[in-house]
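User: I would like a close look at one part of this model. Please start there and then work outwards.

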Amino acid sequence: MPELPDVEIFRKEAEMSKNSEITGFEIDDKDFVELNQSKFNNNLKGKKFKDTLRRGKYLFMKVDDESGIVMHFGMTGFLVYKKENDDAPDYTKCSFVLKNKHKLHYISKRKLGHVKYVGKIGDFIEENDIGPDVLELSEAEFISKLSEKNSMVKSALMDQSTVSGIGNVYADEILFQSEVHPKQKANKLDEKKWKTLHKNTVKVLKKAIEKNADVSKLPKSYLLPNREEGNDCPKCEGKIEKIKVSGRNGYYCPSCQKK
DNA sequence: CATAATGTTTAAGA
DNA sequence: GTCTTAAACATTAT
């Protein structure tokens, strides 16, 4: 479930591999992993992960100031740090082996993510048009980004080049708490709604990180633990309905979130 | 067996 | 060209 909060949890997992010599790289699916053995030997072997950096849904693991590993988790990817004799999880695609024999495993059930080496992380961000991390933005910056979009507000929130980190699931929660209809045009909202959206974006994402990105542990008053068609709205007498926006299924409460 | 799934990229419309 | 939207992508679980 990799949206911003999930990737933040993976980042913390990756932190455990920091400052230990990287001695090996195991590839389980060479068609998927965009880092081969010789590239590993030339750029990573013998070095250490010095720092981790998350931007939106991307995770970077730096081996020096500019270069390192970039990971994206698609819809089903995750990262796990294991001690010496633990088995790699099912669907492990590749693993970094550290000097103490501990391993950092990248797992993906569907092949929609990426693992690769980049020489210049800054260039990678620019080339892929990855927008500013939504938790790094000030309210004013957030509003100026959103108010420029003529698209449906849900699509705007999920557009990674506008602001990065929000996906289909958390977008539903942010809109629910802000009482904004997902198909409302982003640039047609008023100043007050934009502010509300920003406030709830920060609140929801931080709460999710606090709960280890486990949606079921979110407060009962949230939409996500109840995110199913026909369920009772946690805030009013209405029922949750399914709605398709830009080809993705979402859920909302028609009586709380009016157009 | 058909469908839907947290992701992004693409191609098509406007 | 630019912006927005829907389909396509690959694979698995239901």
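The request below concerns the surroundings of DNA strand C. Which residues surround DNA strand C? Which atom of Ser246 is 3.1 Å from a phosphate oxygen of the strand? Is Ser246 buried or exposed? Then move on to the aromatic pairs and a few residues in the helices.

Analyst: A caution comes before the details. This is a predicted model, and the distances and angles below are computed from it.

Start with the surroundings of the strand. DNA strand C has Tyr91, Lys109, Arg110, Lys111 and Leu112 around it, together with Lys149, Asn150, Ser151, Met152, Ser246 and Gly247. On the DNA side, 72% of the strand C atoms that come within 4 Å of the protein belong to sugar and phosphate. On the protein side, the residues near the strand split into four charged, four polar and three nonpolar.

Three approaches can be described atom by atom. Two involve phosphate. Lys149 brings an N or O atom of its side chain to 3.4 Å from a phosphate oxygen of DNA strand C. Ser246 uses its backbone: a polar backbone atom lies 3.1 Å from a phosphate oxygen of the strand. The third approach involves a base. An N or O atom in the side chain of Arg110 is 3.4 Å from a base oxygen of DNA strand C.

Stay with Ser246. Ser246 sits in the loop between strand S9 (241–245) and strand S10 (248–252). Ser246 counts as exposed because its relative accessibility is 53%, and the cut-off for that class is over 50%. That value considers protein chains only, so the DNA does not enter into it. Ser246 is not a glycine, yet its phi is positive, about 50°.

The side chain of Ser246 has a partner of its own. Ser155 and Ser246 are joined, side chain to side chain, by a polar contact of 2.7 Å. Ser246 thus offers a backbone atom towards the phosphate and its side chain towards Ser155. Ser155 belongs to helix H5 (residues 153–158). Its relative accessibility is 18%, so Ser155 counts as buried. Setting aside neighbours within four places in sequence, Ser155 contacts Val245 and Ser246. Here, then, a buried serine meets an exposed one.

Positive phi also turns up at Glu179. Its phi is near 55°, and Glu179 is a residue other than glycine. Glu179 lies in the loop between helix H6 (168–178) and H7. With 38% relative accessibility, Glu179 counts as partly exposed.

Now the aromatic rings. The search of the whole structure gives nine aromatic pairs. One of them is Phe10 with Phe73: the centres are 4.7 Å apart, the planes meet at 55°, and the pair is tilted. This pair links distant parts of the chain, 63 residues apart, with Phe10 in helix H1 (residues 4–15) and Phe73 in the loop between strand S4 (68–72) and strand S5 (77–82). Phe10 and Phe73 are both buried.

Phe32 and Tyr106 form another pair, a stacked one, with 5.9 Å between centres and 25° between planes. Phe32 is in the loop between strand S1 (22–27) and helix H2 (37–43) and Tyr106 is in strand S7 (residues 103–108), so this pair ties together parts 74 residues apart in sequence. Phe32 and Tyr106 are buried too. The two pairs belong together: Phe10, Phe32, Phe73 and Tyr106 make up one aromatic cluster.

Phe32 also has a charge over its ring. The charged end of Lys93 sits there, 5.9 Å from the ring centre. Elsewhere, the charged end of Lys235 sits over the ring of Phe176, 4.8 Å from its centre.

Last, two residues of helix H7. His198 lies in this helix, which covers residues 191–210. His198 has a relative accessible area of 10%, so it is buried. Beyond residues up to four places away in sequence, His198 touches Leu137, Ser138, Glu139 and Phe142. Val202 is also placed in helix H7. Its relative accessible area is 22%, so Val202 is partly exposed. Between Val202 and Ile174 the C-alpha distance is 9.0 Å, across 28 residues of sequence.

Back to the opening request. Ser246 is an exposed loop residue. Its backbone approaches a phosphate oxygen of DNA strand C, and its side chain is joined to that of Ser155.

Conventions:
Residues are numbered from 1 along each chain as its sequence is written. Chains are lettered from A and ligands numbered from 1 in the order in which they are written. This is a predicted model: local features need pLDDT of at least 70, side-chain atom pairs count only at pLDDT 80 or more; totals for chains, interfaces and linings use all residues. Side-chain values use heavy atoms; hydrogens and water are left out. A residue is near a molecule or strand if one of its heavy atoms lies within 4 Å of it. A polar contact is a pair of N or O atoms within 3.5 Å; within protein, one must be able to donate a hydrogen and the other to accept it, and residues adjacent in sequence count only if both atoms are side-chain atoms. Ala, Val, Leu, Ile, Met, Phe, Trp, Tyr, Cys and Pro count as nonpolar, Asp, Glu, Lys and Arg as charged, and the others, Gly among them, as polar. Rings of Phe, Tyr and Trp (its six-membered ring) pair if their centres lie within 6.5 Å; planes under 30 degrees apart count as stacked, over 60 as edge-to-face and the rest as tilted. Helices (H or I, at least four residues) and strands (E, at least two) are DSSP runs, numbered from the N terminus. Buried means under 20% relative accessible area, exposed over 50%, partly exposed in between (1.4 Å probe, protein chains only). A charge sits over a ring if NZ of Lys or CZ of Arg is within 6 Å of the ring centre and within 35 degrees of the ring normal. Contact means heavy atoms within 4.5 Å.
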